Each structure stands twice: as structure tokens, then as C-alpha cells.
Amino acid sequence: MTPTRRGLALGFFILLAVLAGCSATAGSDSHPSSNPDAGAGGDGSSAGSTGMTGQSGSGGQSTGVDGSQAAGADGQASGTDMDAGQAADGAASDTALDAAPGDSLGSDAPPGVPGDGSLSDANIKYFGRWDLSGVSQHISYWGGAYIRVAFTGTTLQMKVGSTNNYYASIDGASFIKISNASGTVNLTPTPLTRRSHVAVVSGGKDYGYEFSFKGFVLDAGATTTAPPVHSTVIEFIGDSITSGYTDTLADISDYAWVSAEQLNAEHTQIAYPGIALVTNYGLNGDKTGMDQDYFKLKPLGYSINPDWPASAYTPGLIVINLGTNDRSTNVPSATFQTSYTTFLASLRTRFPAAEIFAMRCFNGSLATETQMAVTARMTAGDDKVHYVDSTGWLNASDYTDGTHPSDAGHVKITGLLLPILTPYL
């Protein structure tokens, strides 16, 4: 279906609408380095790459087939490092398009028509906050964004425009990790059998989450088809703990990704290391809090950061895990509670039917204030907001550095969180 108008657009989670697109030029959209959360290891450096602005889409209807990627027997994703990449080609100027939710941005092909893997291929499904406006590349900026496609042939390659870590799973197998790759990335180092396959691809690493997608490269004569899509979207909002900081496969290793996959749901992770809920606090040079940044296309550090429209997608469940970085930067208790209450109210305005879960931080940061914010919203008549008491969920052996859960720690969180979320699906 051909998009009907150009200009500022919206989009998200699967074929979606698009937000105002603007080409980045060197120095015009800087992404400065940041500091990790309290107790975090690592150098906290930013990828610092620039890109286009805009949005992507989500919320496609389920086909009734389970196309989610299995995380393994214990719910923990595994990965294998391999070398890949060549010099990235330059980004062209982009034009924003506006398409109705459920339409394939920039494609005239009706559903079910075999595709060629290019950016105009309607069979490529995007999950997360994507800028789909570009004719040369589509970009996501938050960690945990991913792409799903069904294809024929024995190999699959992906063209990307930024050096990063990439993760690929074919037919539900464990994710392989392709480190510091750019250019054309081989997603199938071991050739596949000659049949139809489903690939899921994500990208990003600590503080470097830009995923610049330029299309797939198929075997000669191979085609794409539309993959299965789940009808439920779960959104996770948080800091480094919700973005898998210090973990083997970054966002793919964390409780947000693993939980949603086990619940057979699509998902998005609006999370960034060092960020606080309250603006003017947190550990990064950019002190914008999630109370403002949640509503943007990009995370911290971008001078050009368009709004992300409420109409872009509709999560059925929202899980919030914030407060660790507010406490470590000494936010006043009353300020945090008021901000949290307001944030919950803003989410309710955007998503009237969503079930919202406010988690106690695993280390207990501002737990009373979080619970009081939930109580305030319930008193105001919101019967779809819930406090999740995580007391005792983790012990010292479940962390990599005393603050950030290990891969196994995230699996443990998943096991405790699933029974809480499942009744609301």
C-alpha cells in the first residue's frame, strides 16, 4: 500500500508510521559519552554515531503461529562471537513518510507477495522505535529493537550502516553474536537447509544502541515472505538493568527480552544506562529523565530528538523499573514520588487500557515512594496499575558488579516476573 502523505509522520512496531525524518550530518546530532549506573563496571563510552530521526511501527495482528525466538531451556539466551563486517557505505538524505498502522512503510506490495529483502520489502517486520523514513537506511536508537523476516535459501546477509554488535537467531535457535560489524554482515555462517526460515535480528551494546539497517541480501532466486507476528506488545521502561548492561548479549540477555519471549509477546525496551526517572538527576552528562525522554524517538545525548507519538503503538502491558539512579544522585523523596505519580498518569493517558506494573528496584531504591505513587493512582481510580514487590528476588551471587544482574540473574528475575504478568495477557 502506498503511503498517502509525506511530512512529519509516525510509526512503530511493525510496518508502521513514521515520525519526522531528518538526515544527520557530522556534528549536528551528537551522542556524548555517559557514565554507567551506580556500581557499574565498564568505560561508559558512547558509540557516538549519528543518524536520521523519525519513527517506526508496531502492533501487527497475530497469525496464530508462534514465531518468537526461544531463549533456550533455562530461558537464557546464548551467543557465539564471530568476526564480520566491512566499511559502511554513506547514508543518503531521507524523506519522512506517513503510513497507517499495519501498512508496510515505503512499500507498494500487498501482503503475501514475495519480497527481495530491500528496505521497501513489506515482509520485513520492525519492532521497537524505528525511523522508517529513510530510502537508504532505517534506524532504531533504543536498545532491544529488532527485525523479523521469513525467507527462502540457505544464507542470509544484512547490510548495516553503523559499526555495532549484532545478534541473529534463525528458526528459534540461540542467538549468535557478531561483534563490531559494519557493511555486509553474514547472519548464517553455517549454511541452512533449503526450505523457508524465519530470522530475528537485533543490534547494540552498552551505550551504543543505534541499529542502522540497509536491507537483507538473499541467495539468487530466494525471496522473503511475511513472518508470524504476536498480537500482544509488552513495553519495558528502565535504566541499565532493563537494558542488559554488562550482560553477554546486552538487551537480548536481560529479563525484559527473555520474559516477553517466554510470554509469546512482541516487546520494546525503552531503557538507558544511568538514566533517572526525574529530570536533572541520573548519572549521565545529559540529565534528561525518563519522565521526559520516554516520550522521544531517541535516548539521551541527541540534540535532535523528535517526539514519539502516542498513536504509534499500543502495548497491552507496561513494566517500569526506575529509581536506582535517582537515589544514587540524591533525588528528594517527595520529588521522586510526585514525578512517578505524574509519569504513571501520563502513561495512562497515552494507553487507557494498558496494565501498568511499577517494580520495586531490586536493591530497594525508593521502594516506599514507588509504592506510594501506585497507591495515589489507585486512589484516583486507576485499577490497572500494580506495584511489584521484588524483595528477596536477587542475592549477591545474581549480580555482575553488585548493581547489574548477570545473565543468570536476569533468568531468575524472569521466573519470578512471569507469574505476575501472565494473568493479564
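This is a short dialogue about a predicted model of one protein chain.

Student: What does the protein chain hold in helices and strands?
Tutor: There are six helices and 18 strands. Of its 425 residues, 58% count as buried.

Student: How do you know that the length of helix 4 agrees with its number of residues?
Tutor: Helix 4 covers residues 333-350, which is 18 residues. At 1.5 Å a residue, the expected span is 26 Å. The end C-alpha atoms are 26 Å apart, so the two values agree.

Student: Which residues of helix 4 are buried?
Tutor: They are F336, S339, Y340, F343, L344, L347, R348 and R350.

Student: What makes Y207 and Y272 an edge-to-face pair?
Tutor: Start with two values. A pair of aromatic rings is described by the distance of the centres and the angle of the planes. The structure holds 23 aromatic pairs. For Y207 and Y272, the centres are 5.5 Å apart and the planes stand at 80°. Rings pair if their centres lie within 6.5 Å, and planes over 60 degrees apart count as edge-to-face. Both conditions are met, so the pair is edge-to-face.

Student: Why is the pair of Y207 and Y272 said to tie parts together?
Tutor: Look at where each residue lies. Y207 is in the loop between strand 11 (197-203) and strand 12 (211-218). Y272 is in the loop between strand 15 (266-271) and helix 2 (290-293). These parts are 65 residues apart in sequence, so the ring pair ties them together.

Student: Why is Y207 called buried?
Tutor: Its relative accessible area is 1%. Buried means under 20%, so Y207 qualifies. Y272 has 0% relative accessibility, so Y272 counts as buried too.

Student: What makes F211 and F213 an aromatic pair, and of which kind?
Tutor: Their centres are 6.5 Å apart, with 80° between the planes. The limit is within 6.5 Å, and edge-to-face needs over 60 degrees, so F211 and F213 form an edge-to-face pair. Both residues are buried. Ring pairs also link them with Y126, W130, Y166 and F216 into a cluster.

Student: How do you know that a charge sits over the ring of Y141?
Tutor: The charged end of K298 is 4.7 Å from the ring centre. The distance must be within 6 Å, so that part of the test is passed. The direction must also be within 35 degrees of the ring normal. K298 is listed as sitting over the ring. R129 likewise lies over the face of Y294, at 4.8 Å from the ring centre.

Student: Why is one side of strand 15 left without a neighbour in its sheet?
Tutor: Five strands form an open sheet in the order 15-14-16-17-18, with parallel pairing. Strand 15 and strand 18 (385-388) stand at the edges. Each has a single partner strand, so one side of each has no neighbour in the sheet. Neighbouring strands are turned by 20° against each other on average, direction ignored.

Student: How do you know that strand 14 and strand 16 pair?
Tutor: Five bridges join strand 14 (residues 233-238) to strand 16 (residues 317-321). Pairing needs at least two bridges, so these strands pair. F236 stands opposite V319 in strand 16.

Student: Why is T223 called partly exposed?
Tutor: T223 has a relative accessible area of 28%. Buried is under 20% and exposed is over 50%, so 28% falls in between. T223 lies in the loop between strand 12 and strand 13 (224-225). Among the residues T223 touches are P114, G115 and F151.

Technical notes. Residues are numbered from 1 along each chain as its sequence is written. This is a predicted model: local features need pLDDT of at least 70, side-chain atom pairs count only at pLDDT 80 or more; totals for chains, interfaces and linings use all residues. Side-chain values use heavy atoms; hydrogens and water are left out. Helices (H or I, at least four residues) and strands (E, at least two) are DSSP runs, numbered from the N terminus. The expected span of a helix is 1.5 Å times one less than its number of residues. Buried means under 20% relative accessible area, exposed over 50%, partly exposed in between (1.4 Å probe, protein chains only). Rings of Phe, Tyr and Trp (its six-membered ring) pair if their centres lie within 6.5 Å; planes under 30 degrees apart count as stacked, over 60 as edge-to-face and the rest as tilted. Axes are lines fitted to C-alpha atoms, for helices over the stretch in contact, and angles run from 0 to 180 degrees between N-to-C directions. Contact means heavy atoms within 4.5 Å. Lists of a residue's contacts leave out its neighbours within four places in sequence.
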